[in-house]
Every structure is written in structure tokens, then in C-alpha cells.
Amino acid sequence: MSGSNLSQQPPPEDEWIGTYLTLLPKWQPLDLSHQSMIPISISRVNQFDAARLDIEMSAMLKEQLVKVFSLMKPGMLFQYEPELDAFLEFLIWRFSIWVDKPTPGNALMNLRYRDERAMDSIGKVRTGLEGPGLTIAQKIWYCIATVGGQYTWARLQSFSAFRRWGNSEQRPLARRAWILIQRIEGLYKAASFGNLLIFLYTGRFRNLIERVLQARLVYGSPNMNRAVSFEYMNRQLVWNEFSEMLLLLLPLLNSSSIKKFLSPFSKDKSSSSKVDDDTCPICQAIPTIPFLALPCQHRYCYYCLSTRCAAATSFRCPRCGEPVVAMQRHSGLASNTNPNQ
């Protein structure tokens, strides 16, 4: 009887407070799952690669367009190069960003632009990659900043350099305009460097235009991986390093010693030796006044051999690498025994 009375007693008045405090830690993860913002990390390498690919695409289109006008007046496109670059950038913007499509570089890196300002008002998300694209105003300002801004700045710099504003001491207005241009350029570079440091730390907004417009690059598809051909990359790196090594070593090598080392491996020794005997090693022509270099007995033009021996006290034969101590007429008559006399 006492047990049934205890089970029917009401709970204490503050029991619901304890129950709420107990269940609160379990409710908080449920509330966080319905939040609109999910922290995501976009690869910085992918964003840089996308920008580089866009530059390469523009350069490739420019090369093809220049070939079309190759038969016209030489140098005609050179004076209109800023207009040509602006036209190509406008084409890329018109058929990619304006129609809510990624640029060629962004498409290859699985990236797209997202309006970061609209992420606070978005509803339930699943991956954190959702979000609307750029608005019409953002697209227009992007075109004005990238296409119009770069074209205006390139034309202003070329015009100021052509008018020599920096060297003009008689016109103070032009001098002040030149100083102002240099300061604006310096401030822009400093701001770009600061934005780069922030981008490397946060991974958001790789340039100032994207930061001002709040146009963030996110993945277009959450399930697409970046495909990289490491075989091609390794081969490219090997060839680059090999070419740089050759450019460094070739000036240090003696071409005559290399020819002497490779001469035993020549396939057509008879024909090559015949050609060597008939031509002067310096001018590669048949000697008009043939002289022999002693002691190697190779035939030279008189003027070629005498001028080289007079210019260098220790002149060596380009064919065999032997030092020339004297020269003799090819007919067998003795000449000056000292080539420097």
C-alpha cells in the first residue's frame, strides 16, 4: 500500500529544470545541424591553379587570333594589344560568369562562384557548398573591375610612359600625375600582398576583387575529385631541370674538347676528315692562301690563323685542341716559325 502511494506522488516542482539541464547538451547538436553555415575548406592550390588556367586559356586564344592577322601589316596588333586582351577577357566573362557558368579554369578545378552575402539567409544545408551564384550587380562589377579596370590601367601606363610624365620637370601637373600613378600602383600591390596572406590563412577570396564583391569560390560538386597526372608533371619537371642544367654547363665546356672526344664515334669518318682537311676550321671556307698549323698539320687560311695567333698567345687548334706553336705554308716552304711574329 505504501509502495503504490509513493509511485503516485507528483515529482518535485524543480524536477523539470533538472531534466532540461540534462537534455540540453543533447539538443544543442540537433540545433547546430539546422544552421545555415557549415564550415568548409576549399583547396588553395585548386584556386590558384584555376586562375593560372584562365590566364593560359586567354593566352591561347590570343595566339590563335594573332595568327589570323599574321598576313597583315607587321606590328599592327602590337599597338592594339590592350584592346585585344580586354576583348578576350570580355568573351571569357560573357560566356562563363554572365550566364552562371564557371570559367574554364574553375570548371577544370570543380569550382564556381557563390554569393557569400546570401549565406546568412539560406535555409537548411547538407554539404555547405550550397548557395546562390553571383547577382547581376556582382557580375557587372566583376566585368568592370577585371576587364575595364585592367584595360584602363594598361592604357594609362602606356600613355604616361610614351609622354614621359616621369621625366617631365617643366610640367608639374604631368609630374604629379606620374607620382600619383606610382603611389596608386604601390598601394594596390601592398593591398594585394596583404590579401594574399589572408587568403593563405583562411582560404577565402584569392584577390581583392573577389573580396570586395564577396564572391567566394566553392566546389561545384561535392563528389568530384581533382584529377592530376603526376606522370606528366614529373616528366615536365625533369625536362625543365635538365634544360636548366644544360644552360648552366654548356658555357663552361670546351667545344673543341667535346668534338675531339666525340670524333672516334663519328659514323662517316672518311667524309668528315676529308671535309675537315679541305676547309679552314675558323671560317669554314676553302683557304685561298693555305697555311699549316704546327704541330697538328691542320690547314688554315693565312689571315685567319695569323690573326688568331696574334690575338691569343696560347691559341689552340679548334679541331684537335693542340696548341699552335708555329705555322707553315702548305706548299712546304718555310714561313715564320713563331705565329705571333
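A salt bridge is taken here as a side-chain nitrogen of Lys or Arg within 4 Å of a carboxyl oxygen of Asp or Glu. By this criterion, a search of the whole structure, which is a predicted model, returns 11 salt bridges. As background, side chains of opposite charge can pair when their charged atoms come close.

A good place to start is the pair formed by D100 and K139, whose closest N and O atoms are 2.5 Å apart. This salt bridge joins distant parts of the chain, with the two positions 39 residues apart in numbering: D100 sits in the loop between α4 (81–94) and α5 (104–108), while K139 belongs to helix α6 (residues 136–163). The two partners also contrast in their surroundings. D100 counts as exposed because its relative accessibility is 56%, above the 50% cut-off, whereas K139 is buried, with a relative accessible area of 5%.

A local arrangement is found in helix α7 (residues 172–202), where K189 and E185 lie 4 residues apart, about one turn of the helix. Their closest N and O atoms are separated by 3.4 Å, and the two residues form a salt bridge. K189 is exposed, its relative accessible area being 52%. By comparison, the salt bridge between the side chains of E210 and R206 has an N to O distance of 2.8 Å, and here both residues are buried. Charged residues also join up beyond simple pairs: a network of salt bridges links R114, E116, R204 and R216.

Helix α6 offers a further polar detail. T146, found in this helix, has a polar side-chain atom 2.6 Å from the backbone oxygen of Y142. T146 is counted as buried because its relative accessibility is 13%, under the 20% limit.

Y142 leads on to the nonpolar interior. In soluble globular proteins, nonpolar side chains tend to be buried together. The largest nonpolar core of the model holds 18 residues, and Y142 is among those that touch the most other members, along with I42, I97, L111 and Y113. At least two residues of this core come from each of α4, β1 (111–115), α6 and β2 (215–219). Setting aside neighbours within four places in sequence, I42 is in contact with Q47, L111, L129, G203, R216, L217, V218 and Y219. One of these contacts, R216, is also a member of the salt-bridge network described above. Another core, of 14 residues, lies apart from the largest one and includes F291, C309, C317 and V324.

Note on methods: Residues numbered from 1 in each chain as written. Predicted model: local features only at pLDDT ≥ 70, side-chain atom pairs only at ≥ 80, totals over all residues. Heavy atoms only, no water. Buried < 20%, exposed > 50% of the residue type's maximum accessible area, 1.4 Å probe, protein only. Polar contact = N/O pair within 3.5 Å; in protein donor to acceptor, adjacent residues only side chain to side chain. Core = buried A, V, L, I, M, F, W, Y, C linked by side-chain atoms within 4.5 Å. Contact = heavy atoms within 4.5 Å.
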